[in-house]
Amino acid sequence: MLFVSPNDFSSNTERYISKSALCLVLITLSLASLPYLSAINGYFVALIGAAAIISLIHAILSKTVLNTIRVVLILCATWYLYNQYDLYHPMFINGLVILIAWLKYSDGRPYQDSTSILMISIVLLAQTMVSGFQNPIYLFSCLALVLTSLVSVNDENVKILSKRFIATNVTLLAMSLPLVVIFYLFFPRLPGTLFDWQAEGINNWFATQAEAFDTREAMDVQHQASHKATGSALGETLNLSKLSELATSNKKVFEAQFIGGIPEELYWRAGVFWKYQQRTWHQRKNWKKSTMATAPFQLDSLQAIDDSSLVQYNMQLKPHSKHWLYALDNTLGPIKGSLFTPENQLISPKIVSKAYSYSASALKTGVVINNVAPTRTEIKQAMRFPKGLPFTYSLGRSARKKNAEVAAASFLMHFQTQGYQYSLNEGFDESQMTLDDFLYDVRSGQCGHYASSFVLLMRAAGFPARFVTGFRGGHRTDNNRVIVTQKMAHAWAEYWNGERWIRVDPTLAIKGQNLHSLPTNGTDYNELTIDESNVEAKTATLSAFDEAFEMGLYYYNTQLQQQLLQSIGFGKLSALSLLILCLAGAFLFWWFLGKSLSVKQAFSATDKGLICFQQLQYKLHLSGLTINHSEGIIAYSERASQAFPEQQTKIHSICQQIMQLRYSKQGNHINAKTIRQTIKKLRLSKTIAK
Amino acid sequence: MKRHSEKIQWRPTLTGGLVFAIVITNLLLAVSSPSNSNFALFFTFSLCGVCLISLWLTSRNIRDLQVSIHGESISYSGQVLHFTLNIKNIASHASPSLILGQHRKAHNHFELGPNVQKTLSITLPAQQRGRYTLEDLWLSTDYPLGIFQAKLPVNVKAVAWQLVKVSKDDTAILNDKTVNHDEDIDTLREYQAGDGYKTIHWKSYAKHQKLITRHASSNNESETRITIRWKDTQGSTEQRIQTLSALIAQAEQKKLNYSLELEEQKQPHASGTSHYIRCLKLLSCYRTPEQMIASGFIRGKE
């Protein structure tokens with residue numbers, strides 16, 4: 001039998017569980033359910049409350065009544081959750097699991113039920129953590145409760161305020177803390193997903209759950225339908241070299257006719273990209289799950305906008321075999337037959353394979369509205385830094401303590417003052433150039449390189465940023481018409497300043513850029529300067545502990561791990577080498593543990609004096625003094641004193657006490673524990689004096 | 001006191017298996033998740049760390065334990081059997097929750113503080129007359145977390161006797177048919193098993209270099225010497241044993257000096273409770289087969 005079943009531990013009867021233990025288990029379940037309940041909300045909380053009450057009063061209900069109530073509650077929860085989510089949505093499945101966990105205690109087998117509830121709670125907590133629920137208080141509360149619950153469930157006579165219970169928990173926590181820190185800091189952070197199925201399925205599961213944890217993203221029923229109808233995959237990517245190719249083509253992409261005049265600044269938005277990997281930008285794979293869930297602007301901001309702040313236009317789009325529908329930045333709301341993502345993208349449910357016309361309206365430049373804050377998942381994706389760009393990372397880290405605006409300005413200043421030039425694949429192999437090469441060697445590139453570098457620099461500095469592609473400007477014709485060609489393809493960046501996404505066009509910061517379609521009034525980035533006093537004021541508010549805590553728990557990643565390894569002399573270790581080293585270390589540790597935990601008992605003596613004597617012998621044996629079993633304590637005392645002359649007095653004293661303990665009539669007054677502690681504290685040199 | 005010579009055996013509990021599965025799954029997910037999964041890793045490694053420390057604490061709880069037999073317990077037919085053991089925790093720090101069990105069954109769940117000794121008994125249902133040995137004993141603990149179970153085989157054999165019970169209604173009567181009044185015997189005779197050390201005649205020992213014991217003369221009327229014999233009884237084996245037991249009980253009750261003679265075994269003359277118990281033990285073991293009642297629970301094995 002591989003595992004020991006609970007019945008092997010006790011006699012024939014069901015193992016007993018104390019009320020204290022039960023309370024701790026239920027508190028753990030409550031804490032584990034909390035993020036799910038706050039996400040699902042509504043009637044489901046009432047159902048869980050009913051399940052909890054049923055569990056607590058199950059003893060007074062007949063079995064038939066109890067089973068009927070349980071079935072009714074499960075059916076109600078299924079119906080409610082199905083109306084809120086998909087059948088395979090994590091919230092649907094986890095919601096039912098939580099309800100069943102709350103009903104479990106009504107089975108009437110306290111020990112087994114409590115253990116099951118505790119296990120379900122741990123699974124839920126683990127899921128919550130993997131989904132990125134980042135709250136340190138929640139994390140440490142969960143750990144403390146899981147630990148105390150495990151100890152209390154396993155101890156029939158537990159008293160949670162007893163010295164023994166507290167001491168056990170404190171010992172476990174205190175002793176495991178160094179192990180936890182070592183594991184956490186040195187366990188290799190793998191650069192990507194291990195398996196394809198993981199990226200496609202499991203991680204999407206957790207990403208969906210993470211978004212659902214945010215209550216403001218709870219999908220309403222109306223939008224759910226469109227979500228279900230348009231759940232097609234959009235795995236769009238953009239290689240930076242494509243932008244250079246586009247810039248050589250004069251092919252018309254679309255035409256816009258403005259109603260009431262052409263705005264001064266024209267940024268046509270197409271795709272928003274989050275993940276950078278091997279010179280290619282990737283869209284969010286799970287973006288479709290949040291499509292239509294939330295308007296990208298806050299409603300109270302929109303209510304203050306009048307018609308004079310709006311630009312209205314009609315678009316005539318050429319087929320381009322993508323889902324994107326081009327629109328001006330800050331476009332308001334979805335147009336008929338399209339989806340509007342929180343990233344401000346217009347998406348066609350089907351690939352645009354024929355000419356397509358639509359009307360849209362956008363906010364004029366200068367109208368400031370607050371965006372809806374990005375979700376935790378979006379923030380994480382907007383903070384993700386790819387591997388293999390150490391120079392870019394170092395440069396970005398140099399602006400780490402600044403605020404977002406100052407950091408952005410400092411990077412733009414860097415582009416402007418460090419000899420960067422605009423160039424379309426001239427004098428370098430663009431397909432082989434990394435962003436490190438671009439920033440430190442070539443210093444020449446097109447908009448894609450500048451925008452990409454800027455996004456990654458901002459991420460390295462600790463600010464969420466994303467990469468946006470589209471078109472800039474347009475050829476003006478009569479009748480307020482603007483024609484946009486492929487040559488005008490452009491890329492820019494956006495960073496989150498805590499209130500809204502700020503558009504930054506790093507290409508504009510370069511001197512001598514190729515202004516083939518100049519916006520009439522680009523933002524003048526030269527005016528931005530770094531206010532050092534402001535930087536100091538900001539950074540002074542962070543204590544060293546806060547910073548270490550934040551860096552260690554929130555932002556610790558592959559790069560920081562490599563820095564740590566470098567600082568302790570293991571700089572050249574790759575993630576794979578570290579993984580192999582860890583596995584080897586784990587194997588050795590397990591072998592050592594197996595050996596040391598299976599040894600026979602150390603002492604076999606029954607009287608306290610002999611135990612102390614054996615302990616002394618063992619202690620001195622470790623320092624090189626051999627044990628002669630036929631030797632009496634007096635002879636041994638003399639030999640030990642000669643071997644360790646610096647501890648002669650103490651050894652004599654200990655031997656005298658042992659003799660008194662064993663042979664003297666006054667031995668009862670001598671405490672064996674004190675002698676053993678004295679032996680334990682004995683400090684000896686490693687080698688024996690000759 | 002016997003020393004443990006067995007090694008500690010380790011097995012994960014069902015809870016431990018589940019926690020292990022959760023930890024591994026969570027670790028794989030967290031380490032390769034595209035999002036920042038530091039909290040998940042911290043949670044996972046905390047579970048890992050606590051489990052490892054729990055493993056060490058569990059080991060500490062069971063290492064410094066001493067187990068010894070607390071004598072041979074005696075019970076009469078119809079009464080449950082008690083196998084009694086002494087368990088001592090000589091460690092000054094470990095305060096374990098322990099289980100004492102035999103073969104696959106757990107019998108006692110108890111706590112043992114530092115430097116504390118406890119006497120525990122394993123109770124088994126009433127059996128036929130005989131001497132019973134209980135082997136395959138073990139101590140186990142999964143304290144504090146219940147993630148791993150450490151099992152320490154106890155290398156001692158507990159013994160219990162199931163003696164023949166003599167009821168008050170028993171009709172056996174000491175009469176001339178069943179007992180023989182002994183003739184005069186010497187006041188000194190050679191030592192026999194069961195003789196008390198106070199009866200040793202030291203002068204004779206010095207002279208003959210062998211143990212000679214002193215016994216009262218049959219002329220002393222207050223001490224009638226009788227011999228209870230197997231061959232004087234009738235019926236089946238069990239009936240004859242029952243009869244002999246009743247006679248022994250009556251002799252003991254009358255404080256007589258008696259001996260017991262079976263076909264091949266003999267219990268010499270003596271009196272007193274110890275002699276009475278020795279006689280009953282002899283009867284209980286008489287013609288009993290050596291058999292295994294259950295795994296590790298053996299009848300008739302010396």
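In this predicted model, the largest nonpolar core holds 166 residues, of which Trp268(A), Tyr313(A), Tyr326(A), Phe454(A) and Met458(A) touch the most other members. The largest share of this core, amounting to 13 residues, is contributed by helix H2 of chain B, which spans residues 38-63. Another core lies apart from it and comprises 26 residues, including Leu112(B), Ile122(B), Tyr132(B) and Ala150(B).

Phe454(A) can be followed further through its contacts. When neighbours within four places in sequence are left aside, Phe454(A) is in contact with Ala408(A), Phe411(A), Leu412(A) and Phe415(A), and also with Ala493(A), Tyr495(A), Val504(A) and Pro506(A). Helix H17 of chain A, residues 447-460, lies across three strands of the same chain, namely S14 (465-472), S17 (489-496) and S18, and runs at about 10 degrees to S17(A).

**The sheet in chain A**

Strands S14, S17 and S18 of chain A belong to an open sheet of 5 strands, whose order is S8-S3-S14-S17-S18 and whose pairing is antiparallel. Strand S8 (327-328) and strand S18 (501-504) of chain A stand at the edges and have a single partner strand each, so that one side of each is left without a neighbour in the sheet. In general, the strands of a sheet pair through backbone hydrogen bonds, in either a parallel or an antiparallel manner. At the S8 edge, strand S3 of chain A, which covers residues 267-273, pairs with S8(A) in the antiparallel sense over 2 bridges. Within S8(A), Ala327(A) is the bridge partner of Arg269(A).

**Salt bridges**

Over all chains the structure holds 20 salt bridges, and three of them are set out below with their N to O distances.

| Pair | N to O distance | Relative accessible area |
|---|---|---|
| Arg269(A) and Asp329(A) | 2.8 Å | Arg269(A) 2%, Asp329(A) 8% |
| Arg472(A) and Asp505(A) | 3.0 Å | Arg472(A) 5%, Asp505(A) 1% |
| Glu261(B) and Lys266(B) | 3.6 Å | Glu261(B) 21%, Lys266(B) 52% |

The side chains of Arg269(A) and Asp329(A) meet in a salt bridge. Arg269(A) lies in strand S3 of chain A, while Asp329(A) lies in the loop between S8 and strand S9 (339-340) of chain A, and the pair therefore ties together parts that are 60 residues apart in sequence. Arg269(A) counts as buried, and Asp329(A) is buried as well.

A salt bridge also joins the side chains of Arg472(A) and Asp505(A). Because Arg472(A) lies in strand S14 of chain A and Asp505(A) in the loop between S18 and helix H18 (532-540) of chain A, this pair ties together parts that are 33 residues apart in sequence. Arg472(A) counts as buried, as does Asp505(A).

In chain B, the side chains of Glu261(B) and Lys266(B) form a salt bridge, in which Glu261(B) counts as partly exposed and Lys266(B) is exposed. For Glu261(B), the value of 21% has to be read against the limit of 20%, under which a residue is called buried. Elsewhere, a network of salt bridges links Arg70(A), Lys104(A), Asp107(A), Arg109(A) and Asp113(A).

**Helix H20 of chain A**

Helix H20 of chain A comprises residues 558-567, and among its residues Gln559(A), Leu560(A), Gln561(A) and Leu565(A) are buried. After H20(A) comes Gly569(A), whose phi is positive, near 90 degrees.

Note on methods
Residues are numbered from 1 along each chain as its sequence is written. Chains are lettered from A and ligands numbered from 1 in the order in which they are written. This is a predicted model: local features need pLDDT of at least 70, side-chain atom pairs count only at pLDDT 80 or more; totals for chains, interfaces and linings use all residues. Side-chain values use heavy atoms; hydrogens and water are left out. Buried means under 20% relative accessible area, exposed over 50%, partly exposed in between (1.4 Å probe, protein chains only). Helices (H or I, at least four residues) and strands (E, at least two) are DSSP runs, numbered from the N terminus. A nonpolar core is a set of buried Ala, Val, Leu, Ile, Met, Phe, Trp, Tyr and Cys residues joined through side-chain atoms within 4.5 Å. Contact means heavy atoms within 4.5 Å. Two strands pair if DSSP finds at least two bridges between them. Axes are lines fitted to C-alpha atoms, for helices over the stretch in contact, and angles run from 0 to 180 degrees between N-to-C directions. A salt bridge is a side-chain nitrogen of Lys or Arg within 4 Å of a carboxyl oxygen of Asp or Glu.
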